[in-house]
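The following questions and answers show how descriptive terms are justified by values and cut-offs. Please look at the sequence and the structure before reading on.

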Amino acid sequence: MIVADERGALAHRSSFFEHASRLHERAPDLPLPDGGRPYPDQAGHLRCPADSPPLSVCKDALAGALAAFLSGRRSLPELHDDLRDSRVPHWISFAASLRKVPGLTPDRAREIGVWLVRNSTDRTPVAAGLALLARTGRPEDFPLLRTIGLLRLFGPAAVKALKPIPGSATTLVWLAERSTGHERMTAVAALCRLGDPATLPWLLRRALDGRAVEGGLARQVAETVSLAEALEGERVGDEVLVQAGRLLRALCQPCDDSGALSGYADACRAITAFARHAGLAAPTLDLVASVVTLAEAVRTGDAFFLPWAEGERRAVLDRLGRALASPHWTEVVDQARRSPDPRTRWRACWAARAIADTGSPAAAPASYDAVAGPHDAGAGPYNEVAVHVAVPDPLNFSQVQTRLLVDGRPVATEAFRKGPMFDPEHLLATGMLRATATPREVRLAEAHCTEGCCGALYVTIARDGGTVVWDRWRDSGGTVRMEAFRFEARRYADTIARAERDHRWEWPARSVARKLSEHLRADPGVLSRWRCELQTVYAQVDEQDRIRMMFWHPRRPSGGEPDDPWLQFEWIIPLDPGDAADLGEPCDPADAGHPTDATDAGEPAEPGDAPVPGDPDPADRAASLIERLRRTDPRTFSRVVGGSPWHAERLGYPWPSSCTG
């Protein structure tokens, strides 16, 4: 047996398996801290080496190394070193190449795979070992595979190796319980495909851990556990209800383009049953987030267009609204707003704003005119328009959307399901929705990939005397079918003007970002004096303690001219004192944006990047940032995040390792 004969060959070095075992022993019931990082080979691996060979060469190298071992010319430790030295990225698909190697029987593949997974000190041999075990593993390999799967680097590959082995369902549950993010969801997806009845109670109560997941996986779980049927019982436990809320809000999330909601046949049943039970459950912030998200989706999102029975959609909104209006629920939100955990505070403030914005989910979206119900249009010669800004859950990693409703119907969402509507900075701050006598085509949304791939949504807006007309709806593929709408011009102009001025949906960082952007666009000389040009200023929903300013040096790219080098810089500006210590400074000294030519450096950078001081008013905070930009070259406290090594060399800057690849 080759495993026994050569197991000790690499014992003098820490293997990935030993590393995972040690970390697991410290907290046996929890995921490994930071997914097990730093890994044993961390120092020798860049994030994405620029000199990696082409994939075809990589696959030939793998097959050649394994063939050399099988021929007897190389030992197992030498095979390990050959794989390590091949510079093959660990993330490529090994299986197809390795299966073609002559003389590789299933038994031999398993023996080699077990040895590599247990003994390898480099990630590439571990990945090769897992590929060999993907079709050859046995139940006695469960401890090895589940332990290596605790490492974030190998979680999905370990799941792939475990899934075909008879009796692996309980091991997959064990691994899912000790994993997070993509790794946990990979294990959950495997459990759904297995459909082992013994694991259904766990899937119903524990599958999602509260983090954002793809709608396609949420649908898979909902169908596997018969979610609608489980919720239609007379008594539903709080644990099941919380999990149901997570599944349903993932199905309804606006960032999902998988058609998960429309493809879930029991969507109306499940949402209706959830709404019936929600108000009876013990409230938690997570359950509040589910109710707010569902209410938004039913009012102005994709769930509006589900095949609801007569009056059912309104009944769902009424029930969700009553739950949120309950004193017990508002108390939970108020307590969470005082939490020491910043993400809990962000989420609670988001929920409070969403509830206050509409009074309750049953109310019409925040708009600036009376809005007819979806079946009450046509009361006069004109349609009615409303503008609603939909802000997602801060844990959802989605984007703010400008949703346009005509006679209470989210028409843009109806016309285009391939991507979210653009944010207010794009549609409202730029005046794109204003009507003029000259027809103007306005892009309202873009596909999740790109317009060049899956298209974008356009409408033509024009004013004709006392009437504003939206017509000529189109996307790149010519698939949009939407009628023209006519609005009374004065009412339309008032509605759009008030929407442009209304910033109640913003959180503090977003307000500061808006004010800073307004300053810099009104006075480009603030940056041009440092030979810089603004790209954008933004605050992400999931980063409410900071804003990011992106800018070019020496100017915006002109199209790749070889004699016109440029670099892209990012300034991260912390706003929350509790998180300031680890913001504003590059992780690696090589990432710093300091020019190698001292004469181009401007003033010395101010010590650190402390939170923005002074009055919390967004205008005052933005003004203090402008003053700093006036007196100090922003390149001295920002980092290079784009361009090329050649451009960096031409401009006198080191190329950061984080940009390699």
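Q: Why is Arg472 counted as exposed?
A: The relative accessible area of Arg472 is 54%. Exposed means over 50%, buried means under 20%, and partly exposed lies in between (1.4 Å probe, protein chains only). Arg472 therefore counts as exposed.

Q: What kind of model is this, and how are its residues numbered?
A: This is a predicted model, in which local features need pLDDT of at least 70 and side-chain atom pairs count only at pLDDT 80 or more, while totals for chains, interfaces and linings use all residues. Residues are numbered from 1 along each chain as its sequence is written, and side-chain values use heavy atoms, with hydrogens and water left out.

Q: What makes the backbone at Arg472 worth noting?
A: Arg472 is not a glycine, yet its phi is positive, at about 50 degrees. Most residues other than glycine have a negative phi, and most peptide bonds are trans. Arg472 is placed in strand E6; helices (H or I, at least four residues) and strands (E, at least two) are DSSP runs, numbered from the N terminus. A positive phi, of about 60 degrees, is also given for Arg531, again not a glycine. Arg531 is found in the loop between H27 and strand E8 (533–538), and its 42% relative accessibility makes it partly exposed.

Q: Which peptide bond leads into Pro38, and what is its form?
A: The bond from Arg37 to Pro38 is cis, with omega near -5 degrees. Pro38 lies in the loop between H2 and helix H3 (55–70). The bond from His553 to Pro554 is likewise cis, with omega near -5 degrees, and Pro554 is in the loop between strand E9 (546–553) and strand E10 (567–574).

Q: How do you know that Asp471 and Arg472 form a salt bridge?
A: Their closest N and O atoms are 3.7 Å apart. A salt bridge is a side-chain nitrogen of Lys or Arg within 4 Å of a carboxyl oxygen of Asp or Glu, so this pair qualifies. Asp471 is partly exposed, with a relative accessible area of 24%.

Q: What makes the salt bridge of Arg409 and Glu483 a link between distant parts of the chain?
A: The closest N and O atoms of Arg409 and Glu483 are 3.1 Å apart. Arg409 is in strand E3 (residues 409–410), whereas Glu483 is in the loop between strand E6 (467–475) and strand E7 (485–488); the two residues are 74 residues apart. Glu483 has a relative accessible area of 38% and is therefore partly exposed.

Q: Where do the partners Asp523 and Arg630 lie?
A: Asp523 and Arg630 meet in a salt bridge at 3.3 Å, N to O. Asp523 is in the loop between helix H26 (508–522) and helix H27 (525–528), and Arg630 is in helix H28 (residues 618–631), 107 residues away along the chain. Asp523, at 30%, and Arg630, at 34% relative accessible area, are partly exposed. Elsewhere, Asp107, Arg110, Arg138, Glu140 and Asp141 are joined into one network by salt bridges that share partners. A search of the whole structure finds 45 salt bridges.

Q: Why is H13 called oblique to H15?
A: Helix H13 (residues 215–224) and helix H15 (residues 238–252) pack at about 140 degrees, with axes 8 Å apart. Axes are lines fitted to C-alpha atoms, for helices over the stretch in contact, and angles run from 0 to 180 degrees between N-to-C directions. Angles under 35 degrees count as roughly parallel, over 145 as roughly antiparallel, 65 to 115 as roughly perpendicular and the rest as oblique. The angle therefore makes H13 oblique to H15.

Q: Which residues of H17 and H18 meet?
A: Ile271, Phe274 and Ala278 of H17 meet Leu287, Ser290, Val291, Leu294 and Val298 of H18, where contact means heavy atoms within 4.5 Å.

Q: What covers the buried residues of H2?
A: In helix H2 (residues 16–26), Phe16, Phe17, His19, Ala20, Ser21, Leu23 and His24 are buried. Their cover includes helix H6 (106–119), helix H7 (123–133), helix H8 (142–148) and helix H10 (169–177). Of the 661 residues of the chain, 52% count as buried.
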